[in-house]
Amino acid sequence: MERSDVMRAVKGRDTTPELAVRKILRSIAPFYRLHRRDLPGAPDIAYIGRKKVIFVHGCFWHGHDCKRGARMPKANADYWAKKIAGNRARDEEHRAAYAEMGWRVLTVWECEMRDEAALRRRFEDFLSASG
């Protein structure tokens, strides 16, 4: 299988980390909406009434500063550097749009999925905080 076939097979929604986040959220605050295309960036999870959204980001695809996110492919390196920089810029534009709308944004990174208890606390804090 060629690299392009592998990359094409990567899903954009209903990923394993996203499903794990949704499982945790169902026990904390279950009334969320998925992939709202009428909101900037079609967030993975949206709490419309609370004006809060959650994005679940893959470390590689969004250029996280962890071990997995910092690793760049050696083949076609210029393409990947440009692609990931573009993803990061787009993520910042979405965050700015939410700030302008008065919404709060939480980004969950793929590497954070290992510690479910910490993630649960983070969700509880995010969802209980006002404004």
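Trainee: In which sense do β2 and β3 pair, and over how many bridges?

Mentor: Good place to start, keeping in mind that this is a predicted model. β2 and β3 pair in the antiparallel sense, over three bridges. One match to look for is Y47, whose bridge partner in β3 is K52. The two strands form a hairpin with four residues between them, and K51 in that turn has a positive phi of about 55 degrees.

Trainee: Which way do β3 and β4 run, and how many bridges join them?

Mentor: These two run parallel, joined by six bridges. Here you can find I54 opposite L106 in β4.

Trainee: How should I read the two faces of β3, and which residues lie on each side?

Mentor: The general idea is that side chains in a regular strand alternate between the two faces of the sheet. In β3, K52, I54 and V56 are on one side, with V53, F55 and H57 on the other, and all are buried. With six of its six residues buried, β3 is therefore largely enclosed by the rest of the structure.

Trainee: Now the helix. Which residues of α2 are buried?

Mentor: In an α-helix there are 3.6 residues a turn, so residues three or four places apart point the same way. For α2, the buried ones are P17, E18, V21, R22, I24 and L25. They cover an arc of only 165 degrees around the axis, so they are on the same side of α2. T16, K23 and S27, on the other side, are exposed.

Trainee: What covers the buried residues of α2?

Mentor: The cover includes β1, β2, β3, β4 and α5, so both strands of your hairpin take part.

Methods: Residues are numbered from 1 along each chain as its sequence is written. This is a predicted model: local features need pLDDT of at least 70, side-chain atom pairs count only at pLDDT 80 or more; totals for chains, interfaces and linings use all residues. Side-chain values use heavy atoms; hydrogens and water are left out. Buried means under 20% relative accessible area, exposed over 50%, partly exposed in between (1.4 Å probe, protein chains only). The arc is that of the directions from the helix axis to the C-beta atoms. Contact means heavy atoms within 4.5 Å. Two strands pair if DSSP finds at least two bridges between them.
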